[in-house]
Structures are given as C-alpha cells and as structure tokens.
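Hi everyone, and thanks for coming. I'd like to walk you through a structure that is probably new to most of you, so please get it up on your screens.

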Amino acid sequence: MRFSTQTLLLQLGVVLLVVLLSGTVHGWLVYVRIGDEAENQALTLARTVASDPDIRSAVQAISKEVGTPPAPVLAAGPLQAAAEAARLRTGALFVVITDETGLRLAHPDQARLGERVSTDPSVALGGQEVTTRNTGTLGPSAGAKVPVYAPEGGGGPPAIVGEVSVGYSMESLGQSLARDIVPIALTAGGALLAGVLASFLLRRRLQRLTLGLEPEEISTLVHDQVAVLQGVDDGVIGISADGRISVFNAAAGRLLDLPDATGQRWSEAAVPAQLKQLTQPAAQDAGAMELVAGGRVLVASARKAWHRKEDLGWVVMLRDRTELQQLTRQLDAVGTMSTALRAQRHEFANQLHTIAGFMSIGQHEQARDYLARLAATGPLKFPVEQAELLQDPYLQAFVGAKGVEANERGVALRIGPETLVRGNVADPQDVTTVLGNLIDNAVSAAVAGTAAERWVELELLDDADDDGGTLHIVVGDSGDGLGNLDPEEVFAEGFTTSGQTPEHPARAGGGHGLGLALVRQLARRRGGDIRVLEAGTAGGPGAVFMATIPGVMGRTTETRKDGSG
C-alpha cells in the first residue's frame with residue numbers, strides 16, 4: 001500500500017474517531033443538561049406543592065389522625081385532587097404526597113394510596129431537599145423530594161408532617177435528547193465530510209510535493225544527493241521554480257568564493273551577473289560560457305529542469321578551467337621556447353663551424369674577436385633588444401620566447417632601460433600568467449595599430465632586498481591606445497583587445513575577454529594590482545599597463561652569505 005494511501009486512511013480514521021468522540025461527549029453533555037433541568041424543574045414543582053397552605057393543613061390533619069385513611073377516602077380527598085392537578089399541568093410523571101411515616105396520601109395510581117413509597121423518604125422527612133434519579137413503581141425518573149411543614153403557629157419551629165415527591169419520566173428525557181441530538185448528528189456528519197474532503201486534498205498535495213515518491217525513495221534520493229553534490233568538484237546550483245536557491249553545494253561556494261546561499265532569491269544572490277543571464281528564458285538554449293569569478297576561470301552552463309510536465313526550475317553547473325588555462329599558457333610558453341631553441345640550434349651550429357673555420361686557416365685573432373662578440377650577446381640570440389638586462393634565467397627564457405613569437409608577427413620586443421631584476425623568480429606560474437597576458441595583449445595592440453614601427457617595450461623591477469619580494473611589470477606598445485574607453489573597462493569580464501581597428505582600438509566581444517580580468521584578480525589575491533598608467537593616443541604610442549605582483553621573487557642573486565652586497 002502506497003504511503004499516500006496509508007496517510008489518507010490514517011487521517012480518515014483520526015477524523016472519524018474525533019467526530020465520534022466529540023459527538024458522544026456532546027450528546028452526553030446534552031443528556032446531563034436535560035437531566036439537570038428535569039431535576040431542577042421537579043424541585044421547583046415540589047417546593048410549590050409543599051408550600052401550598054391547603055396541602056400543608058390537609059397533610060397535618062391526616063398526620064394527627066390515628067392510622068391512615070383507606071385508599072378510597074384518600075382518592076376522593078383534596079390531596080389527591082391537588083397532586084393530580086399539578087401533575088397534569090406540568091407534565092410530570094408523578095406528584096406524590098406522603099405523611100411523616102412515608103405512606104402515600106396522593107399518587108397517580110390510586111391503588112398505591114396508603115402504601116409506603118418505593119424510594120427512601122428519610123432525607124426529605126429529615127428536613128432536607130434532595131434531587132434523585134431513581135426507578136420506582138412508575139419507572140425510571142429524575143425527580144426531587146421536599147419536606148412538608150405544618151402550618152405556622154404555636155410559636156415554635158414548624159414540624160415536618162410529610163413530604164412531596166415529584167418526578168419526570170426518563171423516557172421523556174430521552175425524547176428530548178432525541179430532538180436535541182439531530183443537530184449534533186448533523187454537525188458531526190458535516191465535520192466528518194469536511195475531514196474526508198480535507199484528507200483527500202492533503203493526499204493530492206502530498207503526492208504533488210513528493211512527486212509521487214515513497215518515503216523510502218525520498219530518503220534514498222536525499223542520501224544520493226548529499227553524496228553526489230558534496231563529492232564532486234563541479235559546482236552545482238539549483239534554482240526552484242519560485243526563484244529561490246534550493247541547492248548550493250560546497251564546490252559552488254568554493255569556485256565563486258561565496259558562503260552558502262541556499263534559501264536566497266536567485267535574483268538577489270551575490271553571484272556574477274552572467275550566471276543570472278543564463279537562467280533567463282531567452283537564454284534557455286544557450287550553450288556554455290566562460291567567466292571569471294573568485295579569481296578563477298569558470299565554464300558555466302544552465303539547463304531547465306522538468307519532471308514530467310512540471311517545471312522544477314534551473315540547474316547551473318560550474319567547472320573550474322583555471323588550472324587548464326594556466327597549463328595551456330605554460331605549454332604555449334614552453335612550445336614557443338622549444339621552437340625558438342630549435343631555430344637557434346642551427347645558428348649555434350653555424351657559429352661553431354665559423355670558429356672552427358677561423359682556427360683551421362690560422363685566423364686566431366679573428367676567432368677571439370668572434371668569441372668576444374658571442375660572449376656579449378650569448379650563445380643563443382633571441383630577437384629581444386637589451387635582453388642582457390634580465391639576469392634571471394627564467395625571465396630570459398620566457399621573454400626571449402615571447403620575443404620570437406612577437407618577431408614572427410612583425411613586432412619588436414625590447415627591454416626598457418630602467419629594467420633591474422636582481423632576484424630569482426620563485427613563482428613562475430603566476431609570473432607566466434600575468435607577464436604573458438600583458439605581452440600578448442601589447443603585441444596584438446601593436447599589430448592592430450597604425451604606427452609604422454611596431455614595438456612592445458617591457459620594463460621589470462623587483463624589490464632588491466625583499467625576501468619573497470615583489471615584481472613590478474610595465475608594458476607599453478606602439479598601438480593606438482584605448483581611445484575613448486574608460487581605463488577600468490578593459491578589466492571587465494568579456495572585454496578583449498581582439499579585433500582592434502583604428503576607429504575602435506580596443507573593444508569588447510572579439511575574444512574570450514578573460515585575460516585582463518583574470519590576471520587582475522590573480523594579482524589582487526596576492527595583494528598586488530594591475531592598472532592602466534597611460535591610455536595612449538591614436539597613431540601611437542599605445543596604452544601602458546603596470547602590474548605589481550607581491551611574493552613571486554626569491555632572495556637576490558647579488559646577496560652573499562655574509563649579508564653584504
């Protein structure tokens with residue numbers, strides 16, 4: 001049996017039980033109330049009869065006689081007539097008058113006159129009023145007993161000369177209850193019907209909320225969801241149909257650098273605007289997109305979630321591409337350097353052959369001059385002007401490789417005269433990301449520029465005496481600058497220098513638009529920054545960028561162990 005059916009039957013049982021109990025209690029209270037009203041009515045009638053002066057005098061007269069008059073005499077007497085008149089007038093079952101010994105002086109059944117009453121009269125004959133529910137000769141009744149006092153006179157307290165007993169039939173009480181029970185039954189039936197209808201509606205809502213799943217299935221789904229969502233490296237964000245975030249796993253918080261946003265409205269959540277655009281109806285068929293968030297390059301995609309024909313909202317998936325981007329850039333740099341080294345290998349071989357030729361023909365002086373020139377420029381000559389200003393091997397190789405790459409595009413890469421790097425690069429990965437992006441952007445700007453001479457100038461400076469020091473990078477080019485663009489706009493996600501034209505020296509939308517945004521976040525995460533020093537002018541020189549990257553340089557190479565310079 002399905003859980004929803006079990007719930008429905010349980011609810012129906014509870015409703016039925018509550019209705020029966022409340023109906024029973026209500027009926028019992030009505031019965032008690034009717035009985036109490038009958039007793040009070042009987043007590044009132046008994047007091048009225050017992051206080052009648054004629055009845056008091058007649059009872060006293062009979063009590064003074066020796067013995068009790070015979071039944072025919074009592075039947076024709078004034079007490080019988082008065083009692084019957086009161087009974088018929090009020091609809092009571094009986095109105096009985098006795099003497100001080102409990103013998104009947106008036107009774108609806110004249111054959112019972114002169115006999116002792118069937119119920120104990122001692123309480124009333126003792127001077128107290130009492131209400132009773134007894135079964136006498138006329139059947140079950142609710143009644144009252146009241147003492148009858150002698151007429152006042154003689155100066156002393158009046159004596160008790162008899163008692164009056166009045167009763168109303170329990171059958172008449174049952175008839176009254178039957179009349180009153182109809183509204184109770186109708187009310188109970190209405191409550192039962194309302195409970196049944198509410199139970200059916202609750203069952204339908206329960207099925208809709210649980211998507212028709214059983215509790216065991218829901219429990220399994222919850223365990224699977226926790227295991228899957230918390231066990232994967234991809235970020236998962238679930239947005240319900242009402243626009244609230246229902247799922248926000250730990251990976252999503254780590255990738256976006258945000259606290260758990262579960263329960264927040266998607267439109268108000270502190271997530272990048274590009275993610276919100278993915279969940280717009282117009283973007284329902286859009287593919288994956290790249291964005292920068294939390295210092296990472298993320299690939300985001302969104303899918304509409306449906307269960308049968310019910311709209312469950314959106315599911316946004318986030319994948320980290322930062323390491324892949326960095327690895328790709330490093331591999332590009334390695335590939336560039338490898339290509340440059342292969343090209344230079346031939347030059348190195350030619351230089352050796354030249355030296356060997358000088359030696360074989362005895363031109364020793366020319367061989368020494370040739371070796372001196374090689375010592376000044378290095379055995380492997382990169383097309384980078386003033387490359388000797390770079391002392392760090394890593395920077396020499398990387399900038400040299402970039403020089404080869406720029407040379408192939410018709411751009412001269414040169415080192416500025418203010419360059420001074422005395423330390424060793426301690427974090428090549430971040431330096432590669434920032435320096436490579438700035439050089440690539442500058443080369444692209446120089447190629448797209450209108451200046452006759454295409455060049456990119458690079459200046460590097462480190463903090464000389466700083467252990468784990470800061471590297472300062474300044475990159476300028478011969479391009480046409482940023483034009484009318486705001487310098488901060490180039491750091492926005494989606495901005496790219498690809499596709500420059502003289503009219504639009506830098507524009508958005510030509511490429512991925514992640515480089516400058518990514519390297520700025522990388523630099524700021526380390527406590528540094530990247531900014532535009534000069535926006536440049538049309539015809540050149542172009543824009544000048546400055547990057548500050550703390551903590552990427554090691555101890556200076558000129559510092560000796562004794563601490564002196």
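Let me start with a question: in which loop does Asp257 lie? Have a look for it while I say that what you see is a predicted model. Asp257 belongs to the loop between α8, residues 250-256, and α9, residues 273-278. Its backbone deserves a glance, since Asp257 has a positive phi of about 55° and yet is not a glycine. Is Asp257 buried or exposed? The cut-off for exposed is over 50% relative accessible area, and Asp257 comes out at 59%, so it counts as exposed.

Now let's step back to the whole chain. The protein chain has 565 residues, and 40% of them count as buried. Along the chain there are 14 helices and 19 strands. The accessible surface is about 29,700 Å², and carbon and sulfur atoms make up 56% of that. Here is one more overall number: take the contacts between residues at least 6 apart in sequence, and 60% of them join residues at least 24 apart.

Next, the sheet I'd like you to find. It is an open sheet of 5 strands, and reading across, the order is β2-β1-β5-β4-β3, with antiparallel pairing. At the edges sit β2, residues 104-106, and β3, each of which pairs on one side only. From one strand to the next, the twist averages 35°.

Let's walk across it, beginning at the β3 side. Strand β3 covers residues 130-136, and 7 bridges pair it with β4 in the antiparallel sense. The two form a hairpin, with 2 residues between them. If you want landmarks, Thr135 stands opposite Pro140 in β4, and Val130 has Lys145 as its bridge partner in β4.

On to strand β4 itself, residues 139-149. How many of its residues are buried? The count is 9 of 11, so to speak a strand that is mostly covered. One residue to click on here is Ser141, which is placed in β4. With a relative accessibility of 7%, Ser141 counts as buried, because the cut-off for buried is under 20%. Who are its contacts, if we leave aside the neighbours within four places in sequence? They are Leu93, Phe94, Thr132, Arg133, Asn134, Tyr168, Ser169 and Met170.

Moving along, β4 is joined to strand β5, residues 160-169, by 9 bridges, and these two run antiparallel. Val146 is a handy marker, as its bridge partner in β5 is Val164. At the β2 side, strand β1, residues 94-99, pairs with β2 in the antiparallel sense over 2 bridges. There, Ile97 stands opposite Ala106 in β2.

Two helices lie across this sheet. Helix α2, residues 53-64, lies across β1, β2, β4 and β5, and runs at about 120° to β5. Helix α4, residues 78-90, lies across β1, β2 and β5, and its direction is about 155° to β1.

Let's leave the sheet and look at helix α13, residues 428-448. Here is a small check we can do together. At 1.5 Å a residue, its 21 residues should span 30 Å, and the end C-alpha atoms are 29 Å apart, which agrees. Of those 21 residues, 15 are buried, so α13 is largely enclosed by the rest of the structure.

Which residues of α14 does α13 meet? From the α13 side come Asp430, Thr433, Val434, Asn437, Leu438 and Asn441, and they meet Gly515, Leu516, Val519 and Leu522 in α14. As a reminder, an α-helix has 3.6 residues a turn, so residues three or four places apart point the same way. Helix α14 covers residues 515-525, and it packs with α13 at an angle of about 145°, the axes being 10 Å apart. The crossing of α13 past α14 is left-handed.

One last stop is Gln351, which you will find in helix α10, residues 322-360. Gln351 is buried, with a relative accessible area of 8%. In sequence, Gln351 and Leu371 are 20 residues apart, while in space their C-alpha atoms are 9.2 Å apart.

That's my tour. Thanks for listening!

How values were computed:
Residues numbered from 1 in each chain as written. Predicted model: local features only at pLDDT ≥ 70, side-chain atom pairs only at ≥ 80, totals over all residues. Heavy atoms only, no water. Helix = DSSP H or I, 4+ residues; strand = E, 2+ residues; numbered from the N terminus. Expected span 1.5 Å × (residues − 1). Buried < 20%, exposed > 50% of the residue type's maximum accessible area, 1.4 Å probe, protein only. Pairing = 2+ DSSP bridges. Axes fitted to C-alpha atoms, helices over the stretch in contact; angles between N-to-C directions. Contact = heavy atoms within 4.5 Å. Areas by Shrake-Rupley, 256 points an atom, 1.4 Å probe, with all protein chains shown as cover. Left-handed = near helix turned anticlockwise from the far one by under 90°.
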